[in-house]
Amino acid sequence: MAFTAAQIGAGTPDLGDAPLSLTPFLSPDYFAAEREQVFSRSWLNIARGCEVPKPGDFVVRDVEIRHASVLVVRGQDGEVRAFHNVCAHRSARIEWRRQGSCKLFSCPYHAWSYDTEGRLRGVPGLENFPTLDKAANGLTPIACEVWNDLVFINFAAEPPQSLREFLGGLLPFERDYPLADMDASATVEVAVVNCNWKVFLHAFLEAYHLNVLHGRSLGNTFNPPDNPQGDPLYYRAFGRHGCLTIGANLERRAGPMETLSQRHAADLLSTGGKARASAYEELGSGTRLLNPTGAANWALEGVVLFPNVMWLAAMGSCTLHKVWPLDLERSRFESITYYPRPRSVSERFARELRFALFRDTIVEDILNTEYSQQALRSGAKRHMHLQRGEIAIRHHYHQVDRVVRGETAHV
Ligand code: FES
Ligand SMILES: [Fe+2]
């Protein structure tokens with residue numbers, strides 16, 4: 001089976017088959033351009049709304065490529081906002097916890113305080129600041145919008161387009177794949193990986209390697225006999241984003257532990273085959289975003305959210321793989337799986353089994369991508385050769401390149 005034009009959605013540019021330069025993984029200038037053009041102007045998924053459910057709830061997240069600590073907080077008015085976590089007095093980091101809840105943020109240096117809407121409220125010794133305009137010295141806001149319970153930020157002072165414009169054709173996912181009830185989470189891995197951020201992200205953008213690199217962990221879960229290379233069932237570009245439809249191997253025989261867990265709880269992702277096809281009828285009927293070809297062996301949609309997220313939208317869970325650049329050859333990997341709260345011990349058991357398997361595959365990816373970066377650095381090769389089924393990588397590579405070369409980050 002070959003991956004053909006019939007499996008590519010309208011609106012997807014023809015990107016050819018040419019080998020691609022390795023410069024974007026190795027050039028400091030390219031990385032500097034990514035900082036300015038890509039990560040300073042795109043909408044970036046930074047948190048989930050369910051992480052800050054009540055007024056005063058906050059999380060703090062680092063965006064290292066921007067040297068930024070970002071405070072995401074739900075105000076007393078219920079609105080989710082983002083601010084630079086920086087004090088107006090002498091630029092101390094205000095909130096040192098990763099998450100919490102409060103009515104006022106108090107700077108640990110000299111106790112200036114800010115409310116959850118970012119206004120400067122308290123200044124000890126105010127009489128000694130004769131020129132200070134309190135109203136003009138609140139927390140510095142970062143553009144922030146929420147879609148489908150995903151909180152996005154944009155570092156541009158005036159983003160060139162709204163989040164909804166940026167998401168474009170992906171917007172119906174909010175209707176077809178609502179995240180609101182998937183509020184339990186498991187962070188499978190948070191790791192610093194010694195490779196360029198794109199090298200690591202691209203490891204999640206194809207199924208060609210799954211039964212090879214992950215032969216011992218995943219085996220042929222996504223590589224059925226009639227599609228041994230794991231070609232995508234379908235690929236569609238949505239502006240700078242992409243959507244990769246991945247099929248499962250319905251003939252696969254699960255191991256004893258998996259069989260046991262499946263007997264007591266619905267499968268999360270990749271092993272339930274036939275059960276999934278009927279579940280799809282219930283959840284996904286009528287939509288063409290999930291399972292666009294109506295395949296009986298549909299496993300998941302892999303949504304590449306430009307620039308740095310691979311969102312695996314499966315039946316009973318969703319995983320957000322986020323790759324944050326630290327520097328040219330170091331990245332921070334965050335992988336969070338969301339799922340409905342387990343209703344029984346059996347369901348919990350099935351989930352834990354799945355996460356253990358998932359963690360194994362990620363370790364395999366980390367070792368491989370770190371070796372790859374070292375190999376890239378050696379100069380032994382100047383190009384990489386993508387096969388047609390690796391179309392999501394080619395599309396992402398080109399989208400980053402176009403933005404780096406001066407196209408605006410917006411779609
Ligand atoms: S730096 Fe925050 S109060 Fe002084
Ligand atoms: Fe992998």
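Here is a short briefing on an iron site, a helix, a surface patch and a few backbone details in this structure. The model is predicted, so local features need pLDDT of at least 70 and side-chain atom pairs count only at pLDDT 80 or more, while totals for chains, interfaces and linings use all residues. Residues are numbered from 1 along each chain as its sequence is written, chains are lettered from A and ligands numbered from 1 in the order in which they are written, and side-chain values use heavy atoms, with hydrogens and water left out.

**Iron site**
- The iron ion (ligand 2) is held by NE2 of H209, NE2 of H214 and two OD atoms of D365, at 2.1 to 2.5 Å. Donors are N, O and S atoms within 2.8 Å of the metal (3.2 Å for Na, K and Ca), and water is not among the atoms, so sites may look incomplete.
- Along the chain, these donors follow the spacing H-x4-H-x150-D.
- Angles among the four donor atoms run from 56 to 164°, and the site is irregular. That word covers anything that misses these limits: tetrahedral for four donors with all angles between 85 and 135 degrees, or square planar for four and octahedral for six with opposite donors over 155 degrees apart and all others between 65 and 115.
- Both H209 and H214 are buried (under 20% relative accessible area; exposed is over 50% and partly exposed is in between, with a 1.4 Å probe and protein chains only).

**Helix α1**
- Residues 28-38 form helix α1, where Y30, F31, A33, E34 and V38 are buried. Helices (H or I, at least four residues) and strands (E, at least two) are DSSP runs, numbered from the N terminus.
- Viewed down the axis of α1, the buried residues fall within an arc of 160°, so they line one face of the helix. The arc is that of the directions from the helix axis to the C-beta atoms.
- P28 and D29, on the other side of α1, are exposed.

**Backbone details**
- A cis peptide bond, with omega near 5°, links F306 to P307, and P307 sits in the loop between β15 (298-305) and β16 (309-314).
- A111 is not a glycine, yet its phi is positive, at about 70°. This residue, A111, lies in the loop between β7 (104-106) and β8 (113-115) and is partly exposed, with a relative accessible area of 35%.
- N148 also has a positive phi, near 50°, in a residue other than glycine. The loop between β10 (141-147) and β11 (150-154) holds N148, which counts as buried at 4% relative accessibility.
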